[in-house]
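Visitor: I am new to this structure and would love a close look at a single part of it. Could you pick one place, walk me through it slowly, and then show me what lies around it?

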Amino acid sequence: MMMLRVRSRDGLERVTVDGSHTTVSQLKTQIQDQLQIPIHNQTLSADRNLLLAKSPEEFLGFTDMTDPNLPISSLNLSHGSILYLAYEGERTIRGGPAVTPAGSFGRKMTVDDLIARQMRVSRQEKSHCDSVSFDRDCANAFQHYVNESLAFAVKRGGFMYGSVSEGGEVEVNFVYEPPQQGMEDNLILMRDAEEEKRVDAIALGLGMRRVGFIFSQTVTQDKKEYTLSNVEVLLAAQLHAETELKEWVTAVVKLEINEDGGADVHFEAFQMSDMCVRLFREGWFETEIGPQDDPKLSKMKKDVVVGVKDLKEVDNDFFLVVVKILDHQGPLSCTFPIENRNVETTMRALKTHMDRARSLPFVKRISDFHLLLFVARFLDVGSDVPALAECVRLQSNVPEGYELLIDSMANTC
């Protein structure tokens, strides 16, 4: 059995047919039997403009369903599809189907009833994250690179790590930038599973976790009339859907024109709404986006209800919940070269860093996430990496073995 939704001047009604092999003639018979509209009065079309026609003469212009032997499958009609019906005369609309109560809280529903119920998209007023606070050094290192080195010409992204308080305040203390290909309109993450294991092992030792994603928009996007593009919504929803952290944050770095005509670097933070994440997990998003598609609209594979309308395109702003931004001075420095950028990090960079901070205690010299990630390539990820990171968290003495290893690495160049 297959259910079709029929929209007429009377609203949206349902008709059940045997399957996609059903012909137009058989469909009209079912409409007559189920909706009490005589076959000779029916004009059917997959074109919604049929409902704008005012007279029988205008009805004649809709010919896609005039062949009585045409199977509905050839019209791309499937279970749950909408078609449009115009008719002359008056009728009494049949009441809803009889239902059998199920206990004291509801009624039994058929599979067709469940499928026919559409997803309703509305704005989420309150985020699960009360605020997000950025470590000043790590935020500055990210924005300085996309501003000074990339000139906001291509996108750049990174995973944010830190902690979440019981009150829902997110604190970001370092940003890990995975291998990636940044373009003007897109950002492709070429994620390295082994490197991410080392990152997570460091975070474990530091008492931190992955809390969100940050990316930059390009300078050309400042002229566009949207907050996030459909491509950006897809990436943000995908990464949010990977985690069970309800406070997960998506941060955006962009250029904005100020009152004097100059450009200022600006941070914004959002959560993707619960409905957005649910739609992504359940496969509602259309992931193929063409150059002709409006970037401020996200395409759905099926109709969703927005307000009182059935739509397949949703304004991206419906999926965004604004999060307040704060800043703080975190426990880590951010002076060691950052991974996966244009210049490869070498042992000479390690020596330069260690020599520059020689007057500090050893644990203070290595209190930099990016240095720890570089060193982690030569340590056991299951034991040594979190143990070394824990020394940094506690600011305790570093075991002599680790200190000798790092010094020897720095002195190999």
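**A close look at strand β13**

Guide: Let us begin with one pair of residues: S216 stands opposite V253 in β14. This is a predicted model, and S216 belongs to strand β13, which covers residues 209-216. The partner here, strand β14, takes in residues 249-257. The two strands, β13 and β14, run in the parallel sense and are joined over 5 bridges.

β13 has another partner as well. Strand β9, residues 157-164, pairs with β13 in the antiparallel sense, over 6 bridges. To find that pairing on screen, look for G157, which sits opposite F215 in β13.

How buried is β13? Counting residues with under 20% relative accessible area as buried, 7 of the 8 residues of β13 qualify, so the strand is largely enclosed by the rest of the structure.

Now let us step back to see where the strand belongs. The domain assignment divides the protein chain into domain 1 (1-85), domain 2 (118-326) and domain 3 (345-409), and β13, at residues 209-216, falls in the range of domain 2. The centres of domain 2 and domain 3, taken over C-alpha atoms, are 31 Å apart. Each side brings residues to the contact, 13 from domain 2 and 13 from domain 3. Between them the two domains bury about 1100 Å², with 83% of it on carbon and sulfur atoms. On the domain 2 side, R198, I202 and L206 lose the most area to domain 3, together 50% of what that side buries.

Across that contact, a helix is worth a visit. Helix α12 spans residues 400-410, and its buried residues are Y402, I406, M409 and A410. Viewed down the axis of α12, these fall within an arc of 100°, so they line one face of the helix. They pack against α8 (347-356), α9 (362-365), α10 (369-376) and α11 (384-394). On the face turned away from the buried side, α12 carries the exposed residues E400 and L404.

For a companion picture, turn to helix α1, residues 24-35. Here V24, L27, K28, I31 and L35 are buried, and they cover an arc of only 100° around the axis, which puts them on the same side of α1. Their cover includes the strands β1 (2-8), β2 (11-17), β3 (42-45) and β4 (82-87). At 1.5 Å a residue, the 12 residues of α1 should span 16 Å, and the end C-alpha atoms are indeed 16 Å apart. Just after α1, Q36 takes a positive phi of about 60°.

Definitions and conventions:
Residues are numbered from 1 along each chain as its sequence is written. This is a predicted model: local features need pLDDT of at least 70, side-chain atom pairs count only at pLDDT 80 or more; totals for chains, interfaces and linings use all residues. Side-chain values use heavy atoms; hydrogens and water are left out. Helices (H or I, at least four residues) and strands (E, at least two) are DSSP runs, numbered from the N terminus. The expected span of a helix is 1.5 Å times one less than its number of residues. Buried means under 20% relative accessible area, exposed over 50%, partly exposed in between (1.4 Å probe, protein chains only). The arc is that of the directions from the helix axis to the C-beta atoms. Contact means heavy atoms within 4.5 Å. Two strands pair if DSSP finds at least two bridges between them. Domain bounds come from an automatic or database domain assignment. Buried area is the accessible area (1.4 Å probe) that two parts lose on being put together, summed over both.
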